[in-house]
Amino acid sequence: MSGLAIILNGDPTEVEAPLTVADLLVNRAVRPERVVVEHNRRILSAEEFATVWLAEGDELELVQFVGGG
């Protein structure tokens, strides 16, 4: 495994590679059913999380739904 430099929510971040979006969510303790993922300016469907592999320089935005009143 090697390091991979990505931009995550606007911040430079080093992650282990190879890594899918689903792996990243697990590593960050993010529940897939409560997040929208934008990968290189494209919104991913939940079905794509396990098939989209991260590459050097990728940009991701994770937007989590928060409940409350």
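1. Start with the sheet. In this predicted model, five strands make an open sheet with mixed pairing, and reading across it the order is β2-β1-β5-β3-β4. The edges are β2 and β4 (42-43), each of which has a pairing partner on one side only.

2. Strand β3 is a good place to look next. Its pairing with β5 is antiparallel and runs over 5 bridges, with Val-36 standing opposite Val-63 of β5. The pairing of β3 with β4 is antiparallel too, over 2 bridges. There, Glu-38 sits opposite Ile-43 and His-39 sits opposite Arg-42.

3. The β3/β4 connection is a hairpin with 2 residues between the strands. If you check backbone torsions, stop at Asn-40: this turn residue has a positive phi of about 50°.

4. What are the two faces of β3 made of? Val-35, Val-37 and His-39 lie on the covered face, while Val-36 and Glu-38 lie on the uncovered one. That fits the usual pattern: side chains in a regular strand alternate between the two faces of the sheet.

5. Now the packing. The largest nonpolar core has 18 residues, and the ones touching the most other members are Val-21, Leu-25, Val-37, Leu-54 and Leu-60. The elements giving two or more residues to this core are β1 (2-8), β2 (11-17), α1 (21-27), β3 (35-39) and β5 (59-64). In general, nonpolar side chains tend to be buried together in soluble globular proteins.

6. Leu-60 deserves a closer look within that core. Leaving out residues up to four places away in sequence, Leu-60 touches Ile-6, Ile-7, Leu-8, Asn-9, Val-21, Leu-24, Val-37, Glu-38, His-39 and Leu-54. Val-21, Val-37 and Leu-54 on that list are also among the core residues that touch the most other members.

7. Then there's Asp-58, in the loop between β4 and β5. Which side chain of opposite charge is nearest to Asp-58? It is Arg-42, 10 Å away, so with a salt-bridge cut-off of 4 Å this buried Asp-58 has no salt bridge.

8. Asp-58 does have polar partners, though. Its side chain makes a polar contact with the side chain of His-39 at 2.9 Å, and it also reaches the backbone nitrogen of Ala-55 at 2.9 Å. Setting aside neighbours within four places in sequence, Asp-58 is in contact with Ala-5, Ile-6, Ile-7, His-39, Asn-40 and Trp-53. That list takes in Asn-40, the turn residue with the positive phi, as well as His-39 from the covered face of β3.

Technical notes
Residues are numbered from 1 along each chain as its sequence is written. This is a predicted model: local features need pLDDT of at least 70, side-chain atom pairs count only at pLDDT 80 or more; totals for chains, interfaces and linings use all residues. Side-chain values use heavy atoms; hydrogens and water are left out. A nonpolar core is a set of buried Ala, Val, Leu, Ile, Met, Phe, Trp, Tyr and Cys residues joined through side-chain atoms within 4.5 Å. Buried means under 20% relative accessible area, exposed over 50%, partly exposed in between (1.4 Å probe, protein chains only). Helices (H or I, at least four residues) and strands (E, at least two) are DSSP runs, numbered from the N terminus. Contact means heavy atoms within 4.5 Å. Two strands pair if DSSP finds at least two bridges between them. Lys and Arg count as positive and Asp and Glu as negative; His and the chain ends are not counted. A polar contact is a pair of N or O atoms within 3.5 Å; within protein, one must be able to donate a hydrogen and the other to accept it, and residues adjacent in sequence count only if both atoms are side-chain atoms.
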